[in-house]
Amino acid sequence: MAVEKSYYMTQEGKEKLENELHYLKTERRQEVVERIKIARGFGDLSENSEYDAAKDEQAFVESRIAQVENMIRNAVIIENDNENPDIVSLGKSVTFKELPDGDEETYTIVGSAEADPFEGKISNDSPIAKSLLGRQIGEEVTVPTPGGDMNVKIIKVD
(Lines give C-alpha, C1' and ligand atoms only; values in the text may rest on other atoms or scores of the structure.)
Protein backbone atom coordinates (compact mmCIF):
# COMPACT_ATOMS: atom_id res chain seq x y z
CA MET A 1 0.00 0.00 0.00
CA ALA A 2 1.27 3.47 -0.87
CA VAL A 3 2.24 5.87 1.88
CA GLU A 4 -0.07 8.91 1.97
CA LYS A 5 1.56 12.32 1.70
CA SER A 6 1.07 14.68 4.64
CA TYR A 7 -0.23 18.16 3.87
CA TYR A 8 1.03 20.77 6.31
CA MET A 9 -1.38 23.66 6.76
CA THR A 10 -2.73 26.13 9.25
CA GLN A 11 -6.16 25.67 10.80
CA GLU A 12 -7.33 28.53 8.57
CA GLY A 13 -6.03 26.71 5.49
CA LYS A 14 -7.85 23.53 6.46
CA GLU A 15 -11.09 25.46 6.96
CA LYS A 16 -10.64 27.01 3.50
CA LEU A 17 -10.31 23.55 1.99
CA GLU A 18 -13.37 22.31 3.88
CA ASN A 19 -15.37 25.27 2.52
CA GLU A 20 -14.15 24.57 -1.02
CA LEU A 21 -15.13 20.90 -0.65
CA HIS A 22 -18.60 21.85 0.57
CA TYR A 23 -19.05 24.22 -2.40
CA LEU A 24 -17.83 21.61 -4.90
CA LYS A 25 -20.12 18.90 -3.54
CA THR A 26 -23.26 20.95 -2.99
CA GLU A 27 -23.25 23.63 -5.69
CA ARG A 28 -20.64 23.04 -8.38
CA ARG A 29 -21.51 19.36 -8.87
CA GLN A 30 -25.18 20.27 -9.40
CA GLU A 31 -24.31 23.02 -11.88
CA VAL A 32 -22.32 20.55 -13.99
CA VAL A 33 -25.13 17.97 -13.89
CA GLU A 34 -27.53 20.64 -15.17
CA ARG A 35 -25.13 21.54 -17.99
CA ILE A 36 -24.95 17.88 -19.00
CA LYS A 37 -28.75 17.59 -19.01
CA ILE A 38 -29.07 20.69 -21.20
CA ALA A 39 -26.33 19.50 -23.57
CA ARG A 40 -28.02 16.10 -23.94
CA GLY A 41 -31.09 17.92 -25.20
CA PHE A 42 -29.10 19.22 -28.20
CA GLY A 43 -29.25 15.81 -29.84
CA ASP A 44 -26.50 13.59 -31.27
CA LEU A 45 -23.88 13.17 -28.51
CA SER A 46 -21.11 12.13 -30.91
CA GLU A 47 -20.88 15.66 -32.35
CA ASN A 48 -22.05 17.64 -29.34
CA SER A 49 -19.26 19.97 -28.15
CA GLU A 50 -21.37 21.32 -25.27
CA TYR A 51 -21.83 17.78 -23.97
CA ASP A 52 -18.10 17.02 -24.29
CA ALA A 53 -17.19 20.25 -22.48
CA ALA A 54 -19.68 19.53 -19.69
CA LYS A 55 -18.32 15.98 -19.26
CA ASP A 56 -14.76 17.35 -19.13
CA GLU A 57 -15.82 19.85 -16.49
CA GLN A 58 -17.51 17.08 -14.52
CA ALA A 59 -14.28 15.06 -14.58
CA PHE A 60 -12.35 18.11 -13.37
CA VAL A 61 -14.79 18.77 -10.51
CA GLU A 62 -14.77 15.12 -9.39
CA SER A 63 -10.97 15.05 -9.56
CA ARG A 64 -10.73 18.22 -7.46
CA ILE A 65 -13.19 16.78 -4.91
CA ALA A 66 -11.01 13.67 -4.55
CA GLN A 67 -7.87 15.80 -4.26
CA VAL A 68 -9.34 18.11 -1.59
CA GLU A 69 -10.74 15.16 0.39
CA ASN A 70 -7.28 13.57 0.36
CA MET A 71 -5.64 16.81 1.49
CA ILE A 72 -8.11 17.20 4.37
CA ARG A 73 -7.77 13.55 5.37
CA ASN A 74 -3.95 13.85 5.48
CA ALA A 75 -3.78 17.37 6.93
CA VAL A 76 -1.21 18.08 9.60
CA ILE A 77 -2.12 21.29 11.41
CA ILE A 78 0.80 23.66 11.94
CA GLU A 79 1.11 24.77 15.54
CA ASN A 80 3.19 27.85 16.33
CA ASP A 81 6.32 27.05 18.28
CA ASN A 82 6.04 29.49 21.18
CA GLU A 83 9.02 27.99 23.00
CA ASN A 84 11.48 29.39 20.44
CA PRO A 85 10.03 32.67 19.16
CA ASP A 86 13.26 33.64 17.36
CA ILE A 87 13.55 30.43 15.30
CA VAL A 88 12.02 30.16 11.82
CA SER A 89 9.47 27.35 11.68
CA LEU A 90 6.34 26.33 9.81
CA GLY A 91 3.47 28.76 10.28
CA LYS A 92 5.69 31.73 11.17
CA SER A 93 6.38 34.88 9.19
CA VAL A 94 10.02 35.65 8.53
CA THR A 95 11.49 38.96 7.41
CA PHE A 96 14.89 38.87 5.75
CA LYS A 97 17.13 41.24 3.86
CA GLU A 98 19.10 40.28 0.78
CA LEU A 99 22.79 41.01 1.31
CA PRO A 100 24.66 43.23 0.88
CA ASP A 101 22.05 45.97 0.37
CA GLY A 102 18.75 44.48 -0.76
CA ASP A 103 15.22 45.24 0.29
CA GLU A 104 13.48 43.55 3.19
CA GLU A 105 11.01 40.81 2.26
CA THR A 106 8.49 39.08 4.51
CA TYR A 107 6.98 35.66 3.90
CA THR A 108 4.89 33.26 5.92
CA ILE A 109 6.07 29.68 5.65
CA VAL A 110 3.12 27.33 5.13
CA GLY A 111 2.53 23.86 3.73
CA SER A 112 2.40 23.36 -0.03
CA ALA A 113 -1.42 23.12 0.07
CA GLU A 114 -1.67 26.74 1.25
CA ALA A 115 1.21 28.32 -0.64
CA ASP A 116 0.36 31.55 -2.45
CA PRO A 117 3.39 33.72 -3.19
CA PHE A 118 1.18 36.65 -4.22
CA GLU A 119 -0.18 36.72 -0.65
CA GLY A 120 3.28 36.29 0.86
CA LYS A 121 2.78 32.61 1.71
CA ILE A 122 5.56 30.29 0.55
CA SER A 123 5.69 26.51 0.65
CA ASN A 124 7.89 24.75 3.16
CA ASP A 125 9.21 22.83 0.12
CA SER A 126 10.48 26.00 -1.61
CA PRO A 127 14.23 26.67 -1.71
CA ILE A 128 13.84 29.86 0.36
CA ALA A 129 11.83 28.15 3.10
CA LYS A 130 14.09 25.09 3.18
CA SER A 131 17.08 27.37 3.69
CA LEU A 132 15.40 29.45 6.43
CA LEU A 133 13.67 26.72 8.48
CA GLY A 134 15.39 26.12 11.82
CA ARG A 135 17.46 29.31 11.57
CA GLN A 136 17.14 32.28 13.93
CA ILE A 137 17.13 36.06 13.97
CA GLY A 138 20.49 37.54 12.98
CA GLU A 139 21.71 34.51 11.03
CA GLU A 140 23.01 34.89 7.51
CA VAL A 141 21.76 32.17 5.17
CA THR A 142 22.63 31.16 1.61
CA VAL A 143 19.56 30.42 -0.52
CA PRO A 144 20.06 28.49 -3.78
CA THR A 145 18.14 30.05 -6.68
CA PRO A 146 18.09 29.33 -10.43
CA GLY A 147 20.06 32.56 -10.99
CA GLY A 148 22.73 31.66 -8.45
CA ASP A 149 23.03 31.69 -4.68
CA MET A 150 21.44 34.54 -2.75
CA ASN A 151 22.69 35.57 0.69
CA VAL A 152 20.12 36.85 3.16
CA LYS A 153 20.06 37.94 6.80
CA ILE A 154 17.08 37.08 8.99
CA ILE A 155 15.73 40.31 10.52
CA LYS A 156 12.51 39.28 12.26
CA VAL A 157 10.41 36.16 13.03
CA ASP A 158 6.72 36.47 13.98
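**Reading a helix pair, a loop residue and a strand residue**

Tyr-8 is in contact with Val-76, Ile-78, Leu-90, Gly-111, Ser-112 and Asn-124, leaving aside its neighbours within four places in sequence.

User: Where does Tyr-8 sit in this model?

Analyst: Bear in mind that the model is predicted. Tyr-8 belongs to strand β1, residues 7–9. Its C-alpha atom is 5.9 Å from that of Ala-75, though 67 residues separate the two along the chain.

User: Is Tyr-8 buried, exposed or partly exposed, and why?

Analyst: For a residue to count as buried, its relative accessible area has to be under 20%, and for exposed it has to be over 50%. Tyr-8 comes out at 35%, so it counts as partly exposed.

User: Now the helices. How do I read the angle between α1 and α2?

Analyst: Angles over 145 degrees count as roughly antiparallel. Here the axes of α1 (residues 11–40) and α2 (residues 49–73) cross at roughly 160° and come within 9 Å, which means α1 is roughly antiparallel to α2. The crossing is left-handed.

User: Which classes of residue make up the contact of α1 with α2?

Analyst: That contact has 14 nonpolar, 14 charged and 1 polar residues.

User: What about the loop between α1 and α2: is Asn-48 there buried or exposed?

Analyst: Use the accessibility figure again. Asn-48, in that loop, has 3% relative accessibility, so it counts as buried.

User: And what does Asn-48 touch?

Analyst: Skipping residues up to four places away in sequence, Asn-48 touches Ala-39, Phe-42 and Gly-43. Also, a polar atom of the Asn-48 side chain lies 3.2 Å from the backbone nitrogen of Glu-50.

Note on methods
Residues are numbered from 1 along each chain as its sequence is written. This is a predicted model: local features need pLDDT of at least 70, side-chain atom pairs count only at pLDDT 80 or more; totals for chains, interfaces and linings use all residues. Side-chain values use heavy atoms; hydrogens and water are left out. Axes are lines fitted to C-alpha atoms, for helices over the stretch in contact, and angles run from 0 to 180 degrees between N-to-C directions. Helices (H or I, at least four residues) and strands (E, at least two) are DSSP runs, numbered from the N terminus. Angles under 35 degrees count as roughly parallel, over 145 as roughly antiparallel, 65 to 115 as roughly perpendicular and the rest as oblique. A crossing is left-handed if the near helix is turned anticlockwise from the far one by less than a right angle, and right-handed if clockwise. Ala, Val, Leu, Ile, Met, Phe, Trp, Tyr, Cys and Pro count as nonpolar, Asp, Glu, Lys and Arg as charged, and the others, Gly among them, as polar. Buried means under 20% relative accessible area, exposed over 50%, partly exposed in between (1.4 Å probe, protein chains only). A polar contact is a pair of N or O atoms within 3.5 Å; within protein, one must be able to donate a hydrogen and the other to accept it, and residues adjacent in sequence count only if both atoms are side-chain atoms. Contact means heavy atoms within 4.5 Å.
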